[in-house]
Amino acid sequence: YFFLRFLMLPISEIDAAIPKNGKILDIGCGIGSLSIFLAVSSKKRIVLGWDIDKHRIKAAEKITQKMSNIKFEIKNALDIAGIEGLSGIVVSDVLHHINFFHQEELIKKISKTLGKNGILVIKEVDTHQKIRALLSLLWDRIFYPQEISYFRTKDDWIRLLEKNKFSVKIK
């Protein structure tokens, strides 16, 4: 799973975009592959991984037992309101699992939580990239067969983020 995940994930770009120190939240962390990389990449980061699946969180905790700068919690992404002191938030291949209404609610909450100096990194599939979108859909059908996917285009994401006062850079 880690190998396949890293094939799909622009990990170096995400790592470069996230602050090297401070508290980083990985929303929808799964078994923690990205969280672990971010924590190992900079010991000055305190990485917090959230996922709603208790089995994934237990697996992540087992893998990271001896790491002091990482913690995992069973949490819903929409519970972000009130979290303080975050330097960065990563949401990687998660938003399309959330319906459009809750996507907008989450982005609004993230905007208020991070403030103007925080960094938000979103990795999602653009529906205009047909091959990537199909591969992502196939991946989701294998791992999450009962779920509906809620993909947006890159332009739709830009509009939503700018509406919520984010300065957007695409990589």
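This tour moves from the whole chain to its sheet, then to a helix packed across the sheet, and ends at two side-chain arrangements.

Begin with everything shown, bearing in mind that this is a predicted model. Coloured by secondary structure, the protein chain displays seven helices and five strands, and following the sequence from its start gives the pattern α-α-β-α-β-α-β-β-α-β-α-α. With the surface switched on, the protein chain exposes about 9,900 Å², of which carbon and sulfur atoms supply 57%. Buried residues account for 43% of the 171 residues in the protein chain. If contacts are drawn between residues at least 6 apart in sequence, 70% of those in the protein chain join residues at least 24 apart.

Next, select the five strands, which form an open sheet in the order S3-S2-S1-S4-S5, with parallel pairing. At the edges stand S3, residues 70–74, and S5, residues 119–123; each has a single partner strand, so one side of each is left without a neighbour in the sheet. Looking along the sheet from one strand to the next, the twist averages 15°.

Stay at the S5 edge and add S4, residues 86–92, which runs parallel to S5 and is joined to it by five bridges. To see an individual bridge, pick Ser 92, whose partner in S5 is Lys 123.

Now cross to the other edge and select helix H4, residues 54–63, together with strand S2, residues 45–51, and S3. H4 lies across both of these strands, and its direction makes an angle of about 165° with that of S3.

Leave the sheet and show the aromatic side chains. How many aromatic pairs does a search of the whole structure find? There is one, formed by Phe 100 and Tyr 150 in an edge-to-face arrangement, with 5.4 Å from centre to centre and 85° between the planes. Phe 100 belongs to helix H5, residues 100–114, whereas Tyr 150 is in the loop between helix H6, residues 130–143, and helix H7, residues 154–163, so the pair ties together parts that are 50 residues apart in sequence. Are these two rings' residues buried or exposed? Phe 100 is partly exposed at 36% relative accessibility, and Tyr 150 is also partly exposed, at 21%; the value for Tyr 150 counts as such because buried means under 20% relative accessible area.

For the last stop, select Arg 152 and Trp 157: the charged end of Arg 152 sits over the ring of Trp 157, at 5.1 Å from the centre of that ring.

Definitions and conventions: Residues are numbered from 1 along each chain as its sequence is written. This is a predicted model: local features need pLDDT of at least 70, side-chain atom pairs count only at pLDDT 80 or more; totals for chains, interfaces and linings use all residues. Side-chain values use heavy atoms; hydrogens and water are left out. Two strands pair if DSSP finds at least two bridges between them. Helices (H or I, at least four residues) and strands (E, at least two) are DSSP runs, numbered from the N terminus. Axes are lines fitted to C-alpha atoms, for helices over the stretch in contact, and angles run from 0 to 180 degrees between N-to-C directions. Contact means heavy atoms within 4.5 Å. Buried means under 20% relative accessible area, exposed over 50%, partly exposed in between (1.4 Å probe, protein chains only). Accessible areas come from the Shrake-Rupley method with a 1.4 Å probe; for residues, only the protein chains shown count as cover. Rings of Phe, Tyr and Trp (its six-membered ring) pair if their centres lie within 6.5 Å; planes under 30 degrees apart count as stacked, over 60 as edge-to-face and the rest as tilted. A charge sits over a ring if NZ of Lys or CZ of Arg is within 6 Å of the ring centre and within 35 degrees of the ring normal.
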